[in-house]
Amino acid sequence: MNHQNTEVLVVGGSLVGLSTALFLARHGVKTVLVEPHTGSHPHPRAIGYTPRTLEVLATVGITLPDVPRSYRHSRARVESLAGKWHDSTERSEERRGGKE
């Protein structure tokens, strides 16, 4: 069995777990992250990032490319991942009352 000493054990490599491990390590805290999946989760829950999240990630050197102004995403209502597609609606900044 492999034994390792650490100050913090982070369980789960989702956005929260990865961010926690990243920022703890950035502050010099010895951190180990464990994740049962060997790749991306088959059903990720994150649908986007707030401007504040992007600002915080930029403090550690992580930046994401700008989204083209013409990009629009939709929200779909489905029976299941492999089931019947009921409908979809556009989900844009304009529909949510924000600025484009």
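**Exercise 1. Find which residues of helix H1 are buried, and say what they pack against.**

Gly-17, Ser-19 and Ala-21 are the buried residues in H1. Here, buried means under 20% relative accessible area, exposed means over 50%, and partly exposed lies in between (1.4 Å probe, protein chains only). Next, look for their partners: the buried residues of H1 pack against strand S1 (8-11) and strand S2 (31-34). A contact is a pair of heavy atoms within 4.5 Å. Helices (H or I, at least four residues) and strands (E, at least two) are DSSP runs, numbered from the N terminus.

Before you go on, a word about the model: it is predicted, so local features need pLDDT of at least 70, side-chain atom pairs count only at pLDDT 80 or more, and totals for chains, interfaces and linings use all residues. Residues are numbered from 1 along each chain as its sequence is written, and side-chain values use heavy atoms, with hydrogens and water left out.

**Exercise 2. Check the length of H1.**

Start with the expected span, which is 1.5 Å times one less than the number of residues. For the 12 residues of H1 (residues 15-26) that should give 16 Å, and the end C-alpha atoms are 16 Å apart, so the two agree. Just after H1, Gly-28 has a positive phi of about 80°.

**Exercise 3. Lay out the elements in order.**

Count first: two helices and four strands. Then walk from the N terminus, and you read β-α-β-α-β-β.

**Exercise 4. Place His-86 and list its contacts.**

His-86 sits in strand S4 (residues 85-91). Its relative accessibility is 36%, so His-86 counts as partly exposed. Leaving out residues up to four places away in sequence, His-86 touches Arg-77, Val-78 and Glu-79. As for Ala-76, it is 10 residues from His-86 in sequence and 7.6 Å away in space, C-alpha to C-alpha.

**Exercise 5. Locate Leu-64 and judge its exposure.**

Leu-64 belongs to the loop between helix H2 (51-58) and strand S3 (73-78). With 42% relative accessibility, Leu-64 counts as partly exposed.

**Exercise 6. Decide where the prediction is more or less confident.**

pLDDT is the predictor's confidence in each residue, from 0 to 100. The protein averages 82, and 86% of the residues score at least 70. Among the elements, S1 has the highest mean pLDDT (96) and S3 the lowest (78). Over residues 95-100 pLDDT stays under 50, and the model has nine contacts for them beyond four places in sequence.
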